[in-house]
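Visitor: I should like to learn how to read the packing of a protein chain from its structure. Might we work through one example together?

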Amino acid sequence: MSSTQQNKLNAEVNHVIKVLGDDHILCIIANLQGGGMRFNELQRVLKLNPVTLTDRLNKLESEGMITRQTETVDKISVVYELTKKGEGMMPIVEAFATFA
């Protein structure tokens, strides 16, 4: 591998670690594996304060790993779902779960 290719690989790996390294990111991805979840459901399951959860969800959305959809049933609610890119992170989540 050339040094240019190695540098590119290192930059890509560092970016993934930077994104996935925040507390609770992998747990959010794992919980969304079964399908879309509302903000309140995620908050209840993960026991996170709303500010932290909002920050992590915004980060995942900006990275293209989740989508945010607004639904109107009885009242307005927001549902988060994994994208293909987010689903591609499942082997990493599973590897961490196996390691633990």
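Visitor: Which residues does leucine 57 touch, leaving aside residues up to four places away in sequence?

Guide: A buried side chain is best read through its partners. In this predicted model, leucine 57 is in contact with Ile28, Phe39, Leu42, Ile66 and Tyr80, with residues up to four places away in sequence not counted.

Visitor: Which residues touch the most other members of the largest nonpolar core?

Guide: Leu57 is one of them, together with Leu20, Ile29, Leu32, Leu42, Leu53 and Tyr80, in a core of 23 residues. Two or more residues come from each of helix H1 (3–20), helix H2 (25–32), H3, H4, strand E3 (76–82) and helix H6 (90–99). The most are given by H2, with 5 residues.

Visitor: How should I read the packing of H2 against H4, and at what angle do they pack?

Guide: One reads the angle and the axis separation, and then the residues in contact. H2 and H4 pack at about 75 degrees, and their axes are 10 Å apart. Angles of 65 to 115 degrees count as roughly perpendicular, so H2 and H4 are described in that way. From H2 the contact takes Ile25, Ile28 and Ile29, and from H4 it takes Leu53, Arg56, Leu57 and Leu60. By class, these residues of H2 and H4 are 6 nonpolar, no polar and 1 charged.

Visitor: Are H2 and H3 roughly perpendicular or oblique to each other?

Guide: Their angle is about 120 degrees, with the axes 11 Å apart. H2 and H3 are therefore oblique to each other. The crossing of H2 past H3 is right-handed. Here Cys27, Ile28, Asn31 and Leu32 of H2 meet Leu42, Val45 and Leu46 of H3. The contact of H2 with H3 comprises 6 nonpolar residues, 1 polar residue and no charged residues.

Visitor: Which residues make the contact of H3 with H4?

Guide: The geometry should be taken before the residues. Helix H3 (residues 39–46) and helix H4 (residues 50–62) pack at about 115 degrees, and 11 Å separates their axes. H3 passes H4 in a crossing that is right-handed. On H3 the contact residues are Phe39, Leu42, Gln43 and Leu46, and on H4 they are Pro50, Leu53, Thr54 and Leu57. In this contact of H3 with H4 there are 6 nonpolar, 2 polar and no charged residues.

Visitor: Let us turn to the backbone. What is the phi of histidine 24, and where does this residue lie?

Guide: Most residues other than glycine have a negative phi. Histidine 24, not a glycine, nevertheless has a positive phi of about 80 degrees. Histidine 24 is in the loop between H1 and H2, and its relative accessible area of 32% makes it partly exposed.

Visitor: What is the phi of lysine 47, and is lysine 47 buried or exposed?

Guide: Lysine 47 also departs from the general rule, with a positive phi near 55 degrees in a residue other than glycine. The loop between H3 and H4 holds lysine 47. Exposed means over 50% relative accessible area, so lysine 47, at 72%, is exposed.

Visitor: How many helices and strands does the protein chain have, and in what order do the elements run?

Guide: The chain has 6 helices and 3 strands, in the order α-α-β-α-α-β-β-α-α from the N terminus. Of its 100 residues, 29% are buried. Among contacts with a separation of 6 or more, 50% join residues 24 or more positions apart.

Terms used. Residues numbered from 1 in each chain as written. Predicted model: local features only at pLDDT ≥ 70, side-chain atom pairs only at ≥ 80, totals over all residues. Heavy atoms only, no water. Axes fitted to C-alpha atoms, helices over the stretch in contact; angles between N-to-C directions. Helix = DSSP H or I, 4+ residues; strand = E, 2+ residues; numbered from the N terminus. Left-handed = near helix turned anticlockwise from the far one by under 90°. Contact = heavy atoms within 4.5 Å. Nonpolar A, V, L, I, M, F, W, Y, C, P; charged D, E, K, R; others polar. Core = buried A, V, L, I, M, F, W, Y, C linked by side-chain atoms within 4.5 Å. Buried < 20%, exposed > 50% of the residue type's maximum accessible area, 1.4 Å probe, protein only. Parallel < 35°, antiparallel > 145°, perpendicular 65-115°, else oblique.
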